[in-house]
Amino acid sequence: MKRTFIKVASIVLTVSAVLTSCSTSAEKVENAKENVVEANNNLDKAQDAYLEDVEKYRKDADTEVATNDQRIADFKLRMVNDKKEVKADYKKRIDELEARNKEMKKKMDDYKADGKENWEAFKTEFKQGMDDIGNSLKNLTETHSDKK
C-alpha cells in the first residue's frame, strides 16, 4: 500500500510539474513577445528623435552658412575702396573662405542619415569647420578694420 501511494504521489507530482512547466513556457513566450514589441517601440522613438535632430541641425547649418555668405558679401563691399595690393590679398582670403563655406553647405546637403554614431561624429566635424570659417571671417574683418 505504501509503495502504491508513493507511486501515485510520484505520478501526480510529475504530471503537476509537467503541466506547470508548460504554462510557464507559454508565459515566457508571451513575456518575450511583449518585450520585443516594447523594444521595437523604443527603437522607433529613438529613430524618430535622431531624424528630428538631423533635420533641426540641417536648418541651423543652413542659417549659419547663409550668415557666413552675408558676412562675405558685406566684406566684399567694404573692400571696394581698398588699395590694390591690400585688395588682392583680401580677395584671395575671402575667396578661400567663400569656397570653404560652399564646401560645408555641400557636405551638409550630401549627408545621409546612416546611424547615430556617425551622425555625432559628423556634427562634431561640421561644427569645427563652421567655427573655423566664422573665426576666420571675424579675424579678417578685424584685420581689415586695422589696416584702413
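Is Trp119 buried or exposed? Trp119 is buried, with a relative accessible area of 0%; here buried means under 20% relative accessible area, exposed over 50% and partly exposed in between, using a 1.4 Å probe and protein chains only.

Some ground rules before going on. This is a predicted model, where local features need pLDDT of at least 70, side-chain atom pairs count only at pLDDT 80 or more, and totals for chains, interfaces and linings use all residues. Residues are numbered from 1 along each chain as its sequence is written, and side-chain values use heavy atoms, leaving out hydrogens and water.

The fold reads α-α-α along the sequence, with three helices and zero strands. Helices (H or I, at least four residues) and strands (E, at least two) are DSSP runs, numbered from the N terminus. Of the 148 residues, 20% count as buried. Contacts (heavy atoms within 4.5 Å) lean on long separations: residues 24 or more positions apart make up 78% of those with a separation of 6 or more.

Back to Trp119, then. Leaving aside residues up to four places away in sequence, Trp119 touches Tyr50, Asp53, Val54, Tyr57 and Tyr111. Trp119 and Phe126 touch the most other members of the largest nonpolar core, which has 21 residues. Such a core is a set of buried Ala, Val, Leu, Ile, Met, Phe, Trp, Tyr and Cys residues joined through side-chain atoms within 4.5 Å. Helices α1, α2 and α3 each supply at least two residues of this core.

On the aromatic side, the structure holds seven aromatic pairs. Rings of Phe, Tyr and Trp (its six-membered ring) pair if their centres lie within 6.5 Å; planes under 30 degrees apart count as stacked, over 60 as edge-to-face and the rest as tilted. One of the pairs joins Tyr57 and Trp119 edge-to-face, at 5.4 Å centre to centre and 90 degrees between the planes. It links distant parts of the chain, with Tyr57 in α1 (residues 2–78) and Trp119 in α3 (residues 116–147), 62 residues apart. Tyr57 is buried at 19% relative accessible area. For Phe75 and Tyr90, the ring centres are 5.5 Å apart and the planes sit at 75 degrees, so this pair is edge-to-face. Here Phe75 in α1 meets Tyr90 in α2 (residues 84–110), 15 residues apart. Ring pairs also link Tyr57, Tyr111, Trp119, Phe122 and Phe126 into a cluster.

Tyr90 is one of the buried residues of α2, along with Ile94, Leu97, Asn101, Met104 and Met108.

Now for the charges. A search of the whole structure finds 13 salt bridges, each a side-chain nitrogen of Lys or Arg within 4 Å of a carboxyl oxygen of Asp or Glu. Here are some of them, with the closest N and O distance.

| Salt bridge | Closest N and O atoms |
|---|---|
| Lys105 and Asp109 | 3.4 Å |
| Lys123 and Glu120 | 3.8 Å |
| Asp131 and Lys127 | 2.8 Å |

Lys105 and Asp109 both lie in α2, four residues apart, about one turn of the helix. In α3, Lys123 and Glu120 are three residues apart, also about one turn. Lys123 counts as buried at 17% relative accessibility, whereas Glu120 is partly exposed at 32%. Both belong to a salt-bridge network with Asp53 and Lys116.
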